[in-house]
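Hi,

Here is the structure I said I'd pass on to you. Have a look at it first, and then read my notes underneath.

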Amino acid sequence: MSDLATGERMPQALPAASAPPATTPRRESAWRRRDRRWGYLFIGPQLLGMTVFVVLPFAASLVLAFASWDGLGELSWVGFENFTAQFQDELLWRSIVNTLIIAVVTVPIGLGLAVVIAVALERLKTRTLYLVLFFAPVVTSTVAVAMIWQQMFRADGVLSTTIANVFGIDPPDWLGDPKLALLAVCIVTIWSSLGLNVVIFLAGLQNISPSVIEAARIDGAGAWRLFRSIRLPLLSPIVFFSSVVAFISSLQTFDTVYVLVSNAGPDNATRTIVYHIYDLGFGKFQIGPSSAASVILLLLTLVITAIQFGAQKKFVHYEDDAA
């Protein structure tokens, strides 16, 4: 439109910017809702089992650790008296020392043997039979394993008789001698867990990139140099994982001790902290001290695991980092 006086054209107003359309939440499709319902249905039994057998007992132990209760009478709060009494109990310290000895002995020896066996099996083309033989104790009941070794550790058993004939000595009393009873528990623990570690380490060795191995061989690396500088460093993440699992499992040693040696062995030589918890709770019906000992075991496990995670930066190497 022009101005009649000046003859100039008036500027026209710009059209208003259109507002962005309001976004509406997308409705979930029917098949996604159906899949979610089926997912909840399938994980429901696992969640129920975890709640009943893990979460609720864990919460109950934390509560009962600060209470006095015999399992039948009235519950009364005692504060930290259970923890004070446990720290003053000689049996608790004896059980902690025995448990740490089992862990320190079985974990390095067990993992070391597993690495050596895995390297030896890697060179074999037909190793299925050997893997089955090594893995058989893993899927066998711990009670059955302990009962078999109990017969072998007898004075007239195969192991004791063989040692007596070879060295010309009296058959050792494995389960009656306080110095040998804990060693017997360590032997059974190493033997029963060896197969799982062998399978894990063998899978780790086969997962190492062939190009890295070939490059080291071209540079003139021998078998020992190849293992020490290439295979073992690249296997260190699996060694770290297995060591964490093995330490936690060793701290929870109970069934082997309970079946192999009656009443925690002579002079409580094989008394572990889990056996101590069992003896207090189900043997003497001291639920509060038993719960306090279980909390102490939890704290001990967390401390050892934290130390392992802190030390992994020094000896754990990854192939991507090396590249």
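Below is what I found, going from the whole chain to the pockets and then to a few single residues.

One thing to keep in mind throughout: this is a predicted model.

**The chain as a whole**

The chain has 13 helices and two strands. It runs to 323 residues, and 33% of them count as buried. If you take the contacts with a separation of 6 or more, 64% of them are between residues 24 or more positions apart. The accessible surface adds up to about 20700 Å², and carbon and sulfur atoms make up 66% of that.

**The two biggest pockets**

The largest pocket holds about 720 Å³ of space. Its lining counts 24 residues, and those nearest the centre are Ser-61, Ile-277, Ser-290, Ser-294 and Leu-297. Three helices, α1 (30–64), α11 (273–283) and α12 (287–315), each put at least two residues into that lining. Of these, α12 has the largest share, with eight residues. By residue type, the lining of the largest pocket splits into 17 nonpolar, seven polar and no charged.

The second largest pocket comes in at about 560 Å³. It is lined by 28 residues, with Thr-189, Ser-192, Ser-193, Ser-249 and Ser-250 closest to its centre. The elements that contribute two or more residues here are α3 (90–122), α4, α5, α7, α9 and α10. Helix α7 gives the largest share of this lining, at seven residues. The make-up of the second lining is twelve nonpolar, 15 polar and one charged.

**Helix α5**

Since α5 turns up in the lining of that second pocket, I looked at how the helix sits. It spans residues 142–152, and its buried residues are Val-145, Ala-146 and Trp-149. Looking down the axis of α5, these buried residues fall within an arc of 95°, so they line one face of the helix. What does that buried set pack against? The partners are α4 (128–139), α6 (158–167), α7 (178–206) and α10 (255–260).

**Ser-242**

This serine belongs to helix α9, which covers residues 223–251. Is Ser-242 buried or exposed? With a relative accessible area of 2%, Ser-242 counts as buried, because the cut-off for that is under 20%. Setting aside neighbours within four places in sequence, the contacts of Ser-242 are Leu-111, Asn-197, Ile-200 and Phe-201.

**Asp-267 and Asn-268**

These two are worth a look when you go through the backbone angles. Asp-267 is in the loop between α10 and α11, and its phi is near 55°, a positive value in a residue other than glycine. Asn-268 is found in the loop between α10 and α11 as well, and phi of Asn-268 is also near 55°, again positive in a residue that is not glycine. How exposed are they? Asp-267 has a relative accessible area of 58% and is therefore exposed, the cut-off being over 50%. Asn-268, at 22%, is partly exposed.

That's everything from me for now.

Cheers

Note on methods: Residues numbered from 1 in each chain as written. Predicted model: local features only at pLDDT ≥ 70, side-chain atom pairs only at ≥ 80, totals over all residues. Heavy atoms only, no water. Buried < 20%, exposed > 50% of the residue type's maximum accessible area, 1.4 Å probe, protein only. Helix = DSSP H or I, 4+ residues; strand = E, 2+ residues; numbered from the N terminus. Arc of directions from axis to C-beta. Contact = heavy atoms within 4.5 Å. Areas by Shrake-Rupley, 256 points an atom, 1.4 Å probe, with all protein chains shown as cover. 1 Å grid on protein atoms, 1.4 Å probe; cavity = no way out; pocket = protein on both sides within 12 Å on 5 of 7 lines; lining within 4 Å. Points joined across faces, edges and corners; volume = space filled by probe spheres on them. Nonpolar A, V, L, I, M, F, W, Y, C, P; charged D, E, K, R; others polar.
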